[in-house]
Amino acid sequence: CTACQSPKFAVMASLGAEVASMTRDTAEWKKRCAMEAMRLADFETAAAEVQRAIFLDRKRSDLFQLQGDILLHLGDVKAAQSSFQKSVMLDRSSASSTRRLVWVTVVEGLREMKGGEFHAAMTRLRHVEDNGVALYLQAVCEARRDNAEARDRALRLVDKCIALDPSCADAFVLRGHLCLSMGNRSEAKSAYWRTFELCPNHPHVQGFLAQLQKEATKLYEAAFAC
């Protein structure tokens with residue numbers, strides 16, 4: 001029959017006897033249906049089922065987290081971010097929802113930066129705490145403003161990033177650029193050298209090495225000119 005061919009029927013059939021006795025008008029039943037639909041890669045059905053679950057119980061953090069996961073599979077990152085925010089608001093101790101929220105926030109911030117929406121990206125990324133990538137991206141946004149106050153803010157942000165993630169080569173490159181633009185060549189060289197230690201093949205490292213070679217050649221020529 002036509003009903004037997006529907007995606008929802010396939011989900012219900014695959015659930016089997018395990019939940020056969022469960023009342024079908026409960027949030028837990030709808031959650032199980034949504035999870036099974038995800039397993040079958042039927043994300044449209046999964047989205048509909050988890051929405052019904054949330055309608056039945058809006059106080060469950062796990063339902064909003066599941067909804068966010070499903071929305072990511074459907075490619076709706078903004079909606080997924082909203083679901084993860086609701087999940088975290090309902091249960092601030094949920095590490096899994098917090099990780100997901102940070103990830104989608106950073107992804108959206110990066111997308112906005114690539115589209116030239118730097119103010120929007122900064123506004124979004126400020127909501128992320130204690131995350132090196134978010135701090136680095138904020139520093140990049142500030143550095144693009146190219147004025148003394150913005151550079152100071154960018155330097156503070158990149159230093160926070162480095163404190164959280166001392167292995168971030170890009171952060172040291174940005175620190176080098178900022179210090180150089182502020183006239184602090186010594187700090188800039190230290191930052192570039194640290195980049196070289198972390199990632200010898202980093203594209204910005206080659207420019208740094210070329211500059212060092214040029215300066216060394218000048219010193220060598222000056223020494224023999226005396």
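User: Which helices each supply at least two residues of the lining of the largest pocket?

Analyst: Helix H5 (77-90) and H6 each do so. Helices are DSSP runs (H or I, at least four residues), numbered from the N terminus. A pocket is found on a 1 Å grid over the protein atoms alone, as an open set of points where a 1.4 Å probe fits, with protein on both sides within 12 Å along at least five of seven lines; lining residues have an atom within 4 Å of a point. Here 13 residues line the largest pocket, and Gln85, Val88, Leu101, His127 and Val128 lie nearest its centre. This is a predicted model, in which local features need pLDDT of at least 70 and side-chain atom pairs count only at pLDDT 80 or more, while totals for chains, interfaces and linings use all residues. Residues are numbered from 1 along each chain as its sequence is written, and side-chain values use heavy atoms, leaving out hydrogens and water.

User: How many of the residues of H8 are buried?

Analyst: Buried means under 20% relative accessible area (1.4 Å probe, protein chains only). Nine of the 12 residues of H8 are buried, so this helix is largely enclosed by the rest of the structure. Among them are Gly132, Leu135, Gln138 and Glu142. The cover over the buried residues of H8 includes H6, H7, H9 and H10. Cys141 has 2% relative accessibility and therefore counts as buried.

User: Which residues touch the most other members of the largest nonpolar core?

Analyst: In soluble globular proteins, nonpolar side chains tend to be buried together. A nonpolar core is a set of buried Ala, Val, Leu, Ile, Met, Phe, Trp, Tyr and Cys residues joined through side-chain atoms within 4.5 Å. The largest one has 26 residues, of which Met113, Leu125, Val158, Ala171, Leu174 and Leu178 touch the most other members. Elements giving two or more residues to this core include helix H9 (148-164) and helix H10 (169-181). Apart from this core lies another, of eight residues, including Ala34 and Ile70.

User: How many disulfides does the structure hold?

Analyst: A disulfide is a pair of cysteine sulfur atoms within 2.5 Å. The structure holds zero. The closest cysteine sulfur to that of Cys168 is in Cys161, 4.4 Å away, which is too far for a bond.

User: What span should helix H3 (residues 43-56) have?

Analyst: The expected span is 1.5 Å times one less than the number of residues. The 14 residues of H3 should therefore span 20 Å, and the end C-alpha atoms are 20 Å apart, which agrees. Buried residues in H3 include Phe43, Val50 and Ile54.

Definitions and conventions:
Buried means under 20% relative accessible area, exposed over 50%, partly exposed in between (1.4 Å probe, protein chains only). Contact means heavy atoms within 4.5 Å.
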